[in-house]
Amino acid sequence: MDEMLDEGAYDRRRLRQWLAGEAGGFSRRDMLRLTAAIGAGLAGATAAATPARAAAGPIVKPLPPELFTVLGTNAEMRWSAMADQGYLVPIDRFSVRNHTSTPIIEPADWRLRIFGAGLRHGPVEFSYDDLRRLPSETVTSTVECAGNGRSYFTSQQGQSVSGTAWKLGGVGVARWRGVRLSTVLRRAGLGRNAVDVLPSGLDPNFVTGGVDLGPVRRPLPVRKALHDVLVAYEMNGEPLPADHGRPVRLIVPHWIGIASIKWLGAIEVSDAPLFSPWNTQFYRLFGADYPAEGQPFDRQVVKSAFELDQGAQLPAGEHTRLRGRSWSAGGAIRHVEVSTDGGARWRRARKVGGSEGAAWQRWEIDWRPAAGEHELLARATDVRGNTQPDTTIHNSLGYLFDAVVRHRVVAA
């Protein structure tokens, strides 16, 4: 283990050099190899602590077509499934983002190992019961894939991107209960020299292009880890379901979903910046408008969705109440505007209910459609003044699509 960490420290120095443009002859292929090597060592360190068994498929829960669109190892929520629902997304229709497949882990077998040079003492382990004995807290927070809306780069902007072709259903809001990560880290002996923490999942290693990148993991700066991150064990008042991180996961409010590591098994606490494929190779903005090494990002953007399927059938000439939801990592939604004629005219939508945790805002607007095809648009503005644009800047991996989505319906 010590030898592995020593080699990992060298590899991280090389990664820092690459990201700073200081590593001569250091290619993205080298970066992939080094982050994979670090991941292989970390996988060995975590797998021994918590036994897991594989499920029959990549996702455990039922995925009826009226609730989900299945996208490989992922399941996108259909927005029509949220019509007449409350503020929270029920567990049975909460979207699933898996890099590999859902592991089955019993709480009694689970261990969280915390280690690294940013601790005052040696490694520390927490059991599930240890965690449940610590002071608990409940937060309402959005979890959203960074690629949510990716398909619209192509369908609306005519641009090529790679990755899962999400529409807008790679998002959900739930009420999470657990322990603040700050509490766990301080119980583990967090040192003043700590810079980054690297949470790691217990799902099967992610393999791409024949390269084993190890367990899913992505670093957080200590300032964020100590601010509002939750080590969660309940979702909407129930123990975490397997597909959503059972028995324990992270919830990182306002940040892209990859930061909210599911099936949490280990946390490295470092006295230097940490790297993984999930902040160097992926979840980075690449393209003509970004530097060659890519631009890092953490936070989500502003989005709006109608609680309707694309191409939905509506009664012509009759009163219709359009409903939807808008959300932003920048804070609560100030207002939402809706157009029912492709953007020629806009009206202010009415807010529906409160905005628990500023996770999102429900809204509605009345309309009497004439017979024929119509193009609905919704654009939100948050309390910081962030507004959805008509188009968004392209990046080759299709992240952070925040433009107004054109929603086609037919009245007959």
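In this predicted model, a convenient place to begin is an open sheet of five strands, which run in the order E6-E5-E16-E9-E12 with mixed pairing. The edges of the sheet are taken by strand E6 (124-127) and strand E12 (220-221); each has a single partner strand, so one side of each is left without a neighbour in the sheet. At the E6 edge, the partner is strand E5 (residues 111-115), and these two strands pair in the antiparallel sense over four bridges. One of the residues involved is Arg-111, whose bridge partner in E6 is Ser-127.

Attention can now turn to the aromatic side chains, among which 13 aromatic pairs are counted. A helpful example is the pair made by Trp-79 and Trp-360: the ring centres are 5.8 Å apart and the planes meet at 50 degrees, so the pair is tilted. Trp-79 belongs to the loop between strand E3 (74-77) and strand E4 (103-104), while Trp-360 belongs to the loop between strand E24 (350-352) and strand E25 (361-367); the pair therefore ties together parts that are 281 residues apart in sequence. Both of these tryptophans, Trp-79 and Trp-360, are buried.

A further example is provided by Phe-297 and Tyr-399, with ring centres 5.4 Å apart and planes at 50 degrees, so this pair is tilted. Here too loops are involved: Phe-297 lies between strand E18 (295-296) and strand E19 (303-306), and Tyr-399 lies between strand E26 (372-382) and strand E27 (407-411), so the contact ties together parts that are 102 residues apart in sequence. Phe-297 has a relative accessibility of 8% and therefore counts as buried. Tyr-399, at 6% relative accessibility, counts as buried.

Returning to the tryptophans, Trp-79 and Trp-360 form one aromatic cluster together with Trp-327. Another tryptophan, Trp-346, has a charged companion: the charged end of Arg-379 sits over the ring of Trp-346, 3.8 Å from its centre.

Finally, what enclosed spaces does the model contain? Two cavities of 30 Å³ or more are found. The largest cavity has a volume of about 330 Å³. Its lining is made up of 26 residues, and those lying nearest the centre of this cavity are Arg-97, Arg-249, Gly-257, Ser-260 and Lys-262. Sorted by class, the lining of the largest cavity comprises twelve nonpolar, eight polar and six charged residues.

Conventions
Residues numbered from 1 in each chain as written. Predicted model: local features only at pLDDT ≥ 70, side-chain atom pairs only at ≥ 80, totals over all residues. Heavy atoms only, no water. Pairing = 2+ DSSP bridges. Phe/Tyr/Trp six-rings, centres within 6.5 Å; stacked < 30°, edge-to-face > 60°. Buried < 20%, exposed > 50% of the residue type's maximum accessible area, 1.4 Å probe, protein only. Lys NZ or Arg CZ within 6 Å of the ring centre and 35° of its normal. 1 Å grid on protein atoms, 1.4 Å probe; cavity = no way out; pocket = protein on both sides within 12 Å on 5 of 7 lines; lining within 4 Å. Points joined across faces, edges and corners; volume = space filled by probe spheres on them. Nonpolar A, V, L, I, M, F, W, Y, C, P; charged D, E, K, R; others polar.
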